[in-house]
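User: Please take a close look at one part of this model and describe how it is put together and what lies around it. One connected account will do.

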Amino acid sequence: MSTVKATQRFVTLIPAKGLTGAKRRLEVDPKQRRALAMCFLADAVAAASRAQLVKEVVVLTPDPSLGGLAGSLGATWLPDQAVGGLNAAVRDGVRRLRHPVGHVAVMVADLPALDASELDTALGQLLDSDSGRLCVEDRSGGGTTLLAAREARALVPQFGEDSAARHHEAGFSLATGALLGLRLDVDTLDDLRRAAALRSFGPVTARALSDLRLFERVNRVDGRHSISFPRRGSILAARGRHPSDDAHVRSEEVPVGADYLRP
Ligand SMILES: Nc1nc2c(ncn2[C@@H]2O[C@H](COP(=O)(O)OP(=O)(O)OP(=O)(O)O)[C@@H](O)[C@H]2O)c(=O)[nH]1
Ligand SMILES: C=C(OP(=O)(O)O)C(=O)O
């Protein structure tokens, strides 16, 4: 990416539910579910923070432990004061940003395989577009993983089932290209398995999956999911360096990990 001007950079807001209610569709025991929600957020924040077109990552959450995690990764915690779900929270969060005018992006927290360059590609598409607004559709189709606008007031969220079509109808152009990690949101164990087969996870999630021996357990406990340890090599490699991308974060650069998995 050529030199980025300060005026081209985005505040990226990442909404994250409180841990008690997070990731309900992820069918693992509640302790593991909370741990994974935290790990997904950590990897998403770390990746977003490395994007050249991101000037600040703001984690919007009512949960102090997630707020603390955001702070330890150099992001800002914006306590979620809204009741009424994700759209209300995002509307309120965007209003309360310290930079009310300027480029804003909203990205979901459950993107453990995100690579910073994908966020730069998507935000770059927005800067080059006429519409001034961009939506990234998730890989399974229908959902939205990123919503961005050159002007904060134009970022009107309509998250929920089939939100990508609604955002598109409302004038957000759809991002193009693979953007794999940016489209791989993980809501279910099937999503987790599919993502593991396609991409290395960020170091915190990779470490957690390995420490929890989650794939092996799921296999033993619930044959329906037939999850083996796909790409074990890449999961282990992610603890050190991403095999195909030298710029990928190293685990020692992320000050979280096993500590967050302790009961
Ligand atoms: N701050 C905030 N974030 C939310 C809220 N609802 C959802 N989110 C976040 O928005 C993104 C998409 O949310 P969902 O897919 O609805 O929720 P989830 O916790 O990922 O998964 P499920 O519980 O299985 O629906 C995730 O990053 C959530 O943490 C909310 O009310 N407040
Ligand atoms: C919140 C959304 O997606 P998901 O439920 O897939 O996380 C959405 O697409 O609006």
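Analyst: **Strand β6 and its surroundings**

A105 stands opposite A148 in β6. The two belong to β4 and β6, strands that run antiparallel and are joined by four bridges; two strands count as paired if DSSP finds at least two bridges between them. Strands here are DSSP runs of E of at least two residues and helices are runs of H or I of at least four, both numbered from the N terminus. The model is a predicted one, in which local features need pLDDT of at least 70 and side-chain atom pairs count only at pLDDT 80 or more, while totals for chains, interfaces and linings use all residues. Residues are numbered from 1 along each chain as its sequence is written, and chains are lettered from A and ligands numbered from 1 in the order in which they are written.

For context, the protein comes to ten helices and seven strands. Of its 263 residues, 45% are buried, a term that asks for 20 or more other C-beta atoms within 10 Å of a residue's own; 12 or fewer makes a residue exposed, anything in between partly exposed, and the C-beta atoms are placed from the backbone.

On one flank is β4 (residues 104-107), where V104 and V106 point one way and A105 and M107 the other, and all are buried. β4 also pairs in the parallel sense with β1 (residues 10-15), over three bridges. Within that pairing T12 stands opposite A105.

On the other flank is β5 (residues 133-137), with five of its five residues buried. R133, C135 and E137 are on one side and L134 and V136 on the other, and both faces are covered. β5 runs antiparallel to β6 (residues 144-149), and five bridges join the two strands. Within this pairing E137 stands opposite T144. Six residues lie between the strands in the hairpin, and one of them, G141, takes a positive phi near 85 degrees. β5 has a further partner in β7 (residues 173-174), which pairs with it in the parallel sense over two bridges. There C135 stands opposite L174.

T144 deserves a closer look. This residue is found in β6 and counts as buried because it has 26 C-beta neighbours inside 10 Å. Leaving aside residues up to four places away in sequence, T144 touches C135, V136, E137, D138, F159, S163, A164 and H167; a contact means C-beta atoms, placed from the backbone, within 7 Å.

One of those contacts, S163, lies in helix α5 (residues 163-169). S163 has 21 C-beta neighbours inside 10 Å, so S163 counts as buried. Under the same sequence exclusion, S163 touches G143, T144 and Q158.

T144 and S163 also appear together in a record: UniProt, in an unreviewed entry, places the feature "binding site" at T144, G160 and S163. These positions span 20 residues in sequence, but no two of their C-alpha atoms are more than 8.4 Å apart, so they gather at one spot. UniProt positions are given in the numbering used here, feature names are shortened, and annotations may be inferred rather than shown by experiment.

The three recorded positions recur in the shell of ligand 2, which consists of V108, D138, G143, T144, F159, G160, S163, D185 and D187. A residue belongs to such a shell if its C-beta atom, placed from the backbone, lies within 6 Å of the molecule. By class, this shell holds two nonpolar, four polar and three charged residues. Ala, Val, Leu, Ile, Met, Phe, Trp, Tyr, Cys and Pro count as nonpolar, Asp, Glu, Lys and Arg as charged, and the others, Gly among them, as polar.

Two backbone angles in the loops on this side remain. Most residues other than glycine have a negative phi. D162 is not a glycine, yet has a positive phi of about 55 degrees. D162 lies in the loop between β6 and α5 and is exposed, with 12 other C-beta atoms within 10 Å. L179 likewise has a positive phi, near 45 degrees. L179 is found in the loop between β7 and α6 (180-183), but this residue is buried, with 22 other C-beta atoms within 10 Å.

Conventions. Two residues are in contact if their C-beta atoms, placed from the backbone, lie within 7 Å.
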